[in-house]
Amino acid sequence: MSSAAHTDHDVTDMRDVLVDVRGVKVHFPIRKGVIFDKIVGYVYAVDGVDLQIRRGETYGLVGESGCGKSTLGRAILNLEPPTEGSVSFDGVDIASLKGEELRRKRQDIQMVFQDPMSSLDPRQSVESLLLEGLKAHNLIENDAAANQRLRELLAAVGLPPAALKKYPHEFSGGQRQRIGIARALSVNPKLIVADEPVSALDVSVQAQVINLLEDLQEEFGLTYLVVAHDLAVVRHISDRVGVMYLGALVEEAPAKDLYARPLHPYTRALLSAVPVPDPVIEDHRERILLTGDLPSPANPPSGCRFHTRCPWRQPTRCDTDRPVLRTVDLPGVPAEHRVACHWAEQIESGELRPHEVEAVAVEQMAGISQPDSPIIGPTSIGEIG
Ligand SMILES: Nc1ncnc2c1ncn2[C@@H]1O[C@H](COP(=O)(O)OP(=O)(O)OP(=O)(O)O)[C@@H](O)[C@H]1O
Ligand code: SF4
Ligand SMILES: [Mg+2]
C-alpha cells in the first residue's frame, strides 16, 4: 500500500488526480436478425461511473462477475470507447487523442491480465515478448542497452536472466504473471490496470505477486487500478476501494474504513461472508445472506439496482429513485467514504432493521448470456445471528 493511504487528500484537488472518470457509460447493443441487423436492446455494462484515481495510489475495484469491472478498466484505456462520459488521463481527455499522441498515452497505461498464459504469445520467448513493447515505443537505442534493460526488468520481477531464452509454457503460473508484469513495466508506464492479477494463481503464490506489485509501486512510483472479485485480494493492496454492482459504484472509501465499517447493504453482505480468524468474533459475526440471482445488466432493476436483493429495502424510494454516491451524515465517517443508498444513515444507526427478502424473479433477455463464474457474495436467503 502506498503512503497515500495515510494522508488526507482532498478528492477534488485535481493536481493529485491521474485518472478522472466522469459519468462513464458503456452500453453494448444487442443485435438480432440475420438479414435486418436490428438493435433489440443494450447491455448496460457500465452505467454512470465517476471515479478518480490519485497519483501513487492503489484503487481497488471489486464486485461480482459481470458487474462491469473489466469493461470500466477497458474504457479507461479507451479500448472500449465510452457511450457517454469522459476519461481524462493526466489532465488530457483520452477520446480526443489520435495517432501518435494516443500511442504515446497508451504507453503510460499498461494492463496486467488474469491469465498470463492466454495474454502471452506461446510462440515467443520471454526476450522477444519483452522486446515487443520496447520496440513498439521506440525505447531501444542499441542491442547492449536493450540487453541491459531486459535484465533489469527480470531482476525487478524476481526472475533470473536465464528466463530470457525460455517460453511461457516453461514457467509456473506465478512466474508467468511476473513476466506479464515485466512486460507492462518495460515501457515505463504511469498507471497499471491489473485485471484480476492473481485470481488464476494458488493462494500461496497470490501473496507473492501482490507483494511484488507493492514493491514495484514503491520503486517506480506507479499508480494502480486493481480489479478483483475477491475482497480479500484488494484489501491489503488498496488505498481506496470502490464496490461495483450492476454497472455502477455503490460504495467507495479508504480501504480501512470500508472494511471496518461497510455502509452499503451490498458491501455489508459481501463482507459478512468473509470468515474472521478470531473464533469468538467468528461465532457472533453477523451474516447477511443475499438471495436471488444477479439481475441481467441488459435489464437492470429500476431505482436502486440492488433493491431486488436488499434486506433493508424500503417501500418508498428504493424501487423508484436511483441513489447517487454521496457522503453520509454519520459521526466518525470521513467525507471520502461515500455510499449510494437512500437509507445508509438509518441502517447504520439501527433505526431500520433488515428483513427477509422475497426472491424477485429476474427477467432475462433472450440471447444474453449470464456470467458463468461464481459470485463472490453469499447466495442464499435469510438473516442469521
Ligand atoms: N463486447 C461485449 N459485447 C456485449 N456484452 C459485453 C461485452 N463485453 C462485456 N459484455 C457484458 O457486459 C457485462 C460486464 O462485463 P465485464 O466483463 O465488464 O464484467 P466483469 O465485472 O469484469 O466480470 P468478471 O468478474 O466475470 O470478469 C457482462 O454482462 C458482459 O457479458
Ligand atoms: S437504496 Fe434501498 S434497496 Fe438500495 S441499498 Fe439502500 S435500502 Fe437497499
Ligand atoms: Mg472481468
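In this predicted model, ligand 1 is surrounded by 15 residues, of which F28, A45, S65, S70 and T71 come nearest. Two elements, β2 (38-54) and α1 (69-76), each give two or more residues to this shell. The largest contribution is that of α1, with 3 residues. By class, the shell around ligand 1 consists of 8 polar, 6 nonpolar and 1 charged residues.

The shell around ligand 2 comprises 13 residues, and those that come nearest are C304, H307, C310, C318 and C341. Its composition by class is 9 nonpolar, 3 polar and 1 charged residues. Nonpolar residues thus number 9 around ligand 2, against 6 around ligand 1, while polar residues number 3 around ligand 2 and 8 around ligand 1.

The strand β2, which contributes to the shell around ligand 1, also belongs to an open sheet of 4 strands in the order β2-β1-β4-β5, with antiparallel pairing. The edges of this sheet are formed by β2 and β5 (92-93), each of which pairs on one side only. Helix α1 packs on the sheet and touches β1 (17-32), β2 and β4. The direction of α1 makes about 120° with that of β1. At the β5 edge, strand β4 (residues 84-89) is joined to β5 by 2 bridges in the antiparallel sense, and F89 stands opposite V92 in β5.

Strand β3 (residues 58-62) is mostly covered, with 5 of its 5 residues buried. T58, G60 and V62 point one way from the strand, whereas Y59 and L61 point the other way; residues of both groups are buried. In general, strands of a sheet pair through backbone hydrogen bonds, in either a parallel or an antiparallel arrangement. The pairing of β3 with strand β8 (residues 223-228) is parallel and involves 5 bridges, and G60 stands opposite V226 in β8. Strand β9 (residues 240-245) also pairs with β3 in the parallel sense, over 4 bridges. In that pairing, L61 of β3 stands opposite G242 in β9.

Across the protein chain as a whole, there are 12 helices and 14 strands. Of the 385 residues in the chain, 39% are buried. Among contacts between residues at least 6 apart in sequence, 68% join residues at least 24 apart.

Note on methods:
Residues are numbered from 1 along each chain as its sequence is written. Chains are lettered from A and ligands numbered from 1 in the order in which they are written. This is a predicted model: local features need pLDDT of at least 70, side-chain atom pairs count only at pLDDT 80 or more; totals for chains, interfaces and linings use all residues. A residue is near a molecule or strand if its C-beta atom, placed from the backbone, lies within 6 Å of it. Ala, Val, Leu, Ile, Met, Phe, Trp, Tyr, Cys and Pro count as nonpolar, Asp, Glu, Lys and Arg as charged, and the others, Gly among them, as polar. A residue is buried if 20 or more other C-beta atoms lie within 10 Å of its own, exposed if 12 or fewer, and partly exposed in between; C-beta atoms are placed from the backbone. Two strands pair if DSSP finds at least two bridges between them. Two residues are in contact if their C-beta atoms, placed from the backbone, lie within 7 Å. Axes are lines fitted to C-alpha atoms, for helices over the stretch in contact, and angles run from 0 to 180 degrees between N-to-C directions.
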